[in-house]
Structure formats: C-alpha cells, structure tokens
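Here is a friendly walk through a few local features of this protein. Keep the viewer open as you read, and look up each part as it comes along.

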Amino acid sequence: MGLKSLGKNSGVGYKAVLYKTGYGAALPPPVNYGPVARYGSRAVMTGGYTTSDTNVIQYWNTTSTGNATDFGDHLVTTRGCSSLSGDGGASRGLTAGGWSDAAGSYNNEIGYITIPTTGNATDFGDLTTGGQWAATMSSGTRGVWASRSESTDICYITIATTGNATDFGDMVVAGGAACGASSETRGLIMGGNRGGNYIDYITIATPGNATDFGDLVTGGSGVRNLGGFSSSAGRACCGGGKNNDSGAGQNNIDYVTIANTGNATDFGDLLAENQDLNGCSNGTRGMFVGGSSGGSRMDVIQYITISTTGNATDFGDLLDPVTSGGACTGTAG
C-alpha cells in the first residue's frame with residue numbers, strides 16, 4: 001500500500017519513505033539527558049562588604065588559577081547575600097537576601113543572571129522573608145534558602161521560572177550564618193549561630209522540616225560565618241568561620257558524605273583563619289572566597305580538590321578585599 005508523502009499526492013512506497021527519512025526514524029531511541037547541572041567552569045561572586053555594601057558581580061574561570069574580572073551589578077547593594085545555580089547546564093545564577101546599610105534593613109530580593117553572559121542582574125522575585133547569611137542548596141531544578149538571620153524558615157523557588165519563593169519547612173534549630181551544600185536530592189545546612197555545631201538535612205524535592213544529620217568537628221556552641229560547597233561525587237565541605245565560644249576565627253575545613261548521615265571529618269586547613277567568607281564548587285574543585293582574617297578583609301580566592309583531603313592552595317584575587325558575598329558556579333558558555 002502506498003503512502004502520500006514526500007510532497008507528492010500519489011502514493012509512495014514505504015521503502016521509498018524509509019530511504020528518504022532513515023530506517024527507524026519514526027521511533028528514535030530514548031535519550032538519557034542525565035541530571036540538571038549545578039556546577040560549571042565559571043565562578044560568580046555577588047555583593048558583599050568592601051568599605052561599604054557593594055552590588056558588584058565578579059567572575060573567574062574555575063579550571064585554572066587567576067584573578068577575578070568584573071561581570072556586572074546586582075539589583076541592590078548588599079552584604080550577607082547567598083547564591084545558587086542551576087537550570088539548563090547551570091546557566092542561571094540567583095542571589096538573594098542580605099543586609100543593606102543604605103536601607104537599614106534586610107533584603108528579600110532575588111536577582112538572577114545568565115552566567116555565560118556578563119551583565120547586570122534581573123529581578124526574579126522575593127524570598128518569603130528577608131535575612132542574611134542564608135545556607136543555599138540546589139538540585140539543579142529547585143533552589144532553596146535556609147537559616148536566614150535568626151529564623152527557622154526554609155523557602156524554595158523553581159530556578160527556571162521567575163516568581164516569589166514558597167515556604168518549604170523549618171530548620172531543627174533557629175539561627176543564621178550557616179553554610180549550605182547539596183547533592184541532586186539532599187541539601188545540608190551546616191553550622192551557624194545556633195548554639196551548637198549542627199548539621200541538618202532536607203530532601204530538596206519534598207517540602208518539609210529539616211532532620212538532624214550529625215555534627216561538625218568544632219565542638220562547644222559551634223561555628224558561624226563559614227563557607228561551604230559540595231562536589232559532583234556527593235561530598236560536602238565547609239571551612240573557616242568564627243567560633244561561637246571564643247569568638248576567634250578558624251582555619252579548619254570539615255567534610256561529610258552527603259548520602260550518609262553522621263559527624264563531619266577533618267579535611268585540612270585554610271591558608272589562614274578566615275570568617276565571613278563564602279564558598280563555591282565546579283564539582284571537582286572547591287573554592288573559599290574572600291572573608292576576613294585578623295580583623296582585615298581579604299581578597300584571596302583559595303581552593304581544594306574535594307575528593308582528596310589536604311590544605312587549601314592560593315588561587316588568585318578578587319577585585320577588592322570583600323566579606324559576606326554570595327558565590328556559585330555555572331557554565332561559561
């Protein structure tokens with residue numbers, strides 16, 4: 001029986017159609033596109049405090065060492081903001097929250113950038129409540145902010161779709177200044193100003209309250225203002241911060257395996273004691289960014305190889321010494 005195809009009104013033989021279109025073309029094999037990316041070879045840092053709050057966005061290549069370059073400007077001047085990435089090969093970066101001296105209040109704005117393309121941030125929506133020093137987690141599709149200021153609130157957004165954040169649940173113990181890390185399924189909230197060395201976890205796809213995961217190496221009443229990140233192999237690291245008991249800055253780096261609950265293990269040391277820093281990862285290499293040491297702001301970017309324990313190594317410099325910015329990575333294009 002002939003087929004009316006190939007632009008002809010008369011019937012055309014089935015074999016002729018296959019000759020033109022290819023055998024099996026009508027039923028292609030399924031394609032496994034894998035998980036949505038959360039990392040990339042371009043790191044981006046937004047906001048922070050230099051000699052005042054700043055709105056500067058800067059970037060650098062994570063696969064080689066070197067200094068940061070100007071990217072554009074954030075929506076507001078802010079410090080204590082937090083960033084995450086995802087969607088379409090980790091092409092979108094989002095930064096939210098923080099504190100603004102100019103406004104005299106916490107920020108609730110969420111701004112986004114297209115990481116492969118330099119330029120200014122665009123309005124995405126608002127957090128459920130304003131606050132600074134949030135722990136961020138990303139599945140690549142969903143982004144989560146937790147531990148803002150002294151709140152228990154956890155909220156989330158869909159990275160590909162602009163709009164306001166939605167309530168997710170509550171942390172185990174209230175407190176801010178924690179760091180976040182995540183696999184594609186599980187998010188961790190590590191440390192913070194919570195009167196303990198807590199690690200909490202959530203299942204990113206399922207809104208609900210956080211659950212106890214284990215403890216950081218630091219004892220006593222814990223550590224705050226530290227930087228953290230995760231790897232493509234499922235290891236989470238955090239480092240630096242301020243000891244809640246002594247008030248002293250720290251140089252230690254801890255790590256956990258995200259899939260297995262339990263206490264953290266010592267990884268190595270930062271170049272110096274460092275607090276008010278941030279962290280990001282390309283999935284293989286983790287970077288600690290900026291911060292303060294001995295009362296002075298730092299412009300240092302330092303890095304570790306996440307799969308192997310050891311001390312941090314100098315990577316390069318930020319545009320200026322800066323504390324309390326938000327960092328993430330994504331595709332360079």
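## A sheet with β5 at one edge

In this predicted model, Y59 sits opposite T69 of β5. The strands behind that pairing are β4, which covers residues 54-61, and β5; they run antiparallel to one another and are joined over five bridges.

Which strands make up the rest of this sheet, and in what order? It is an open sheet of four strands, reading β5-β4-β3-β32, and the pairing is antiparallel. The edge positions belong to β5 (69-78) and β32 (326-330); each has a single partner strand, so one side of each has no neighbour in the sheet. From one strand to the next, the twist averages 25 degrees.

## A second open sheet

Another open sheet has four strands in the order β6-β7-β10-β11, again with antiparallel pairing. Here β6 (82-86) and β11 are the edge strands, and because each has a single partner strand, one side of each is left without a neighbour in the sheet. The twist in this sheet averages 25 degrees from one strand to the next.

For a closer look, follow β6 to strand β7 (residues 92-96): the two pair in the antiparallel sense over five bridges. One residue pair to find there is G86 and R92, with R92 of β7 being the bridge partner of G86.

As background, strands in a sheet pair through backbone hydrogen bonds, and they may do so in parallel or antiparallel fashion.

## T118, in the loop between β10 and β11

T118 belongs to the loop that links β10 (109-114) with β11 (122-126). Is T118 buried, partly exposed or exposed? Its relative accessibility is 41%, so T118 counts as partly exposed.

Leaving aside residues up to four places away in sequence, T118 touches R42, Y59 and F71. Y59 is the residue that stands opposite T69 in β5. I57 is 61 residues away from T118 in sequence, yet their C-alpha atoms are 9.2 Å apart in space.

## G130, in the loop after β11

On the other side of β11, the loop between β11 and β12 (135-138) holds G130. With a relative accessibility of 31%, G130 counts as partly exposed.

Which residues does G130 touch, once those up to four places away in sequence are set aside? They are Y106, N107, N108 and R148. G98 and G130 are separated by 32 residues in sequence and by 7.4 Å in space, C-alpha to C-alpha.

Conventions
Residues are numbered from 1 along each chain as its sequence is written. This is a predicted model: local features need pLDDT of at least 70, side-chain atom pairs count only at pLDDT 80 or more; totals for chains, interfaces and linings use all residues. Side-chain values use heavy atoms; hydrogens and water are left out. Buried means under 20% relative accessible area, exposed over 50%, partly exposed in between (1.4 Å probe, protein chains only). Contact means heavy atoms within 4.5 Å. Two strands pair if DSSP finds at least two bridges between them. Axes are lines fitted to C-alpha atoms, for helices over the stretch in contact, and angles run from 0 to 180 degrees between N-to-C directions.
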